[in-house]
Amino acid sequence: MAGAKKVKRTITKGRCYIQSSFNNTIVSLTDMAGDVVAWSSAGNVGFKGSRKNTPYAAQLAANKVVKEGQDMGMNLVEIYVSGPGQGKDSAVKAFHHSSIRVAGLKDITPHPHNGCKLKKRRRM
C-alpha cells in the first residue's frame, strides 16, 4: 500500500515573514495566497536555550528556508519583519545574498497607540 505521491510545487513569487522575539527567530516562506510552503526556526536548525536568539542562528534558519524556496523555483520575494529580537537583520541579509530577488522589505511590528482606558482610581 503506497501513500499519496507528493506533488512538487513550482512557485515563482512569494512572501517571507520573519518573526524575531527575544527567545527565538521564526522564518516562514509563503506563496502569494498566504499558504506556508517552507518554514524554519533557530530551534529547528539545532540551537537550544539562549543561543536561539543570536543573529547567527537566525541566519542559518533563513538559509534553510532560502534553499527550500530555490528548490521550488522561487525567484522573487517580499519580506515582512516583525518583533524586537536581534535576528531580523541577519535573516534579511541571508535573503539578499541568495539568488532570490527581494522585491520589498516592510516592518510590521505592532506598536501601541495609547492602548485601553485605565481603570477608575480607588476612592479613599
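**View A. The buried residues of helix 3 in this predicted model.** Helix 3 has a set of buried residues, and these are K88, S90, A91, V92, A94 and F95. So what sits over them? The cover includes strand 1, strand 2, strand 4 and strand 5 (101-107), and helix 2 also takes part. Helix 3 lies across strand 1, strand 2, strand 4 and strand 5, and against strand 4 the helix runs at about 175 degrees.

**View B. Helix 2 meets helix 3.** Here we look at residues 55-71 (helix 2) and residues 88-96 (helix 3), which pack at an angle of about 35 degrees with axes 7 Å apart. The crossing of these two helices is right-handed. From helix 2, the contact is made by P55, A58, Q59, A62, N63, V65 and V66; helix 3 answers with S90, A91, A94 and F95. Sort the contact by class and you get eight nonpolar residues, three polar ones and no charged ones. Two of the helix 3 residues to pick out here, A94 and F95, also belong to the buried set of that helix.

**View C. The five-stranded sheet.** The sheet is open, its pairing is mixed, and its strands come in the order 3-2-1-4-5. Which strands stand at the edges? They are strand 3 and strand 5: each has a single partner strand, so one side of each is left without a neighbour in the sheet. Neighbouring strands are turned by 15 degrees against each other on average, direction ignored. Helix 2 packs on this sheet by touching strand 2 and strand 3, and its direction makes about 155 degrees with that of strand 3.

**View D. Strand 1 beside strand 2.** These two strands pair in the antiparallel sense, over seven bridges. One spot to find is S20, which stands opposite T25 in strand 2. Also in strand 2 is S28. Buried or exposed, how does S28 count? With a relative accessibility of 16%, S28 counts as buried. Setting aside neighbours within four places in sequence, S28 is in contact with R15, C16, Y17, A38 and W39.

**View E. S40 in strand 3.** Strand 3 is an edge strand with a single partner, yet S40, found in this strand, has 0% relative accessibility and therefore counts as buried. What is around it? Leaving out neighbours within four places in sequence, S40 is in contact with T25, I26 and V27, with V45, and with A61, K64 and V65. V65 is also one of the helix 2 residues in the contact with helix 3.

**View F. The largest nonpolar core, with I79 in focus.** This core has 21 residues, and those with the most contacts inside it are C16, I18, V27, L29, V77, I79 and F95. At least two core residues come from each of strand 1 (13-20), strand 2 (25-31), strand 3 (36-41), helix 2, strand 4 (76-82) and helix 3. Now zoom in on I79: beyond its neighbours within four places in sequence, I79 is in contact with C16, I18, V92, F95, V102, G104, L105 and K106.

**View G. N114, in the segment after strand 5.** What about the backbone here? Phi of N114 is near 75 degrees, a positive value in a residue other than glycine. For comparison, most residues other than glycine have a negative phi. N114 is exposed, with a relative accessible area of 77%.

Definitions and conventions: Residues are numbered from 1 along each chain as its sequence is written. This is a predicted model: local features need pLDDT of at least 70, side-chain atom pairs count only at pLDDT 80 or more; totals for chains, interfaces and linings use all residues. Side-chain values use heavy atoms; hydrogens and water are left out. Axes are lines fitted to C-alpha atoms, for helices over the stretch in contact, and angles run from 0 to 180 degrees between N-to-C directions. Helices (H or I, at least four residues) and strands (E, at least two) are DSSP runs, numbered from the N terminus. A crossing is left-handed if the near helix is turned anticlockwise from the far one by less than a right angle, and right-handed if clockwise. Contact means heavy atoms within 4.5 Å. Ala, Val, Leu, Ile, Met, Phe, Trp, Tyr, Cys and Pro count as nonpolar, Asp, Glu, Lys and Arg as charged, and the others, Gly among them, as polar. A nonpolar core is a set of buried Ala, Val, Leu, Ile, Met, Phe, Trp, Tyr and Cys residues joined through side-chain atoms within 4.5 Å. Buried means under 20% relative accessible area, exposed over 50%, partly exposed in between (1.4 Å probe, protein chains only). Two strands pair if DSSP finds at least two bridges between them.
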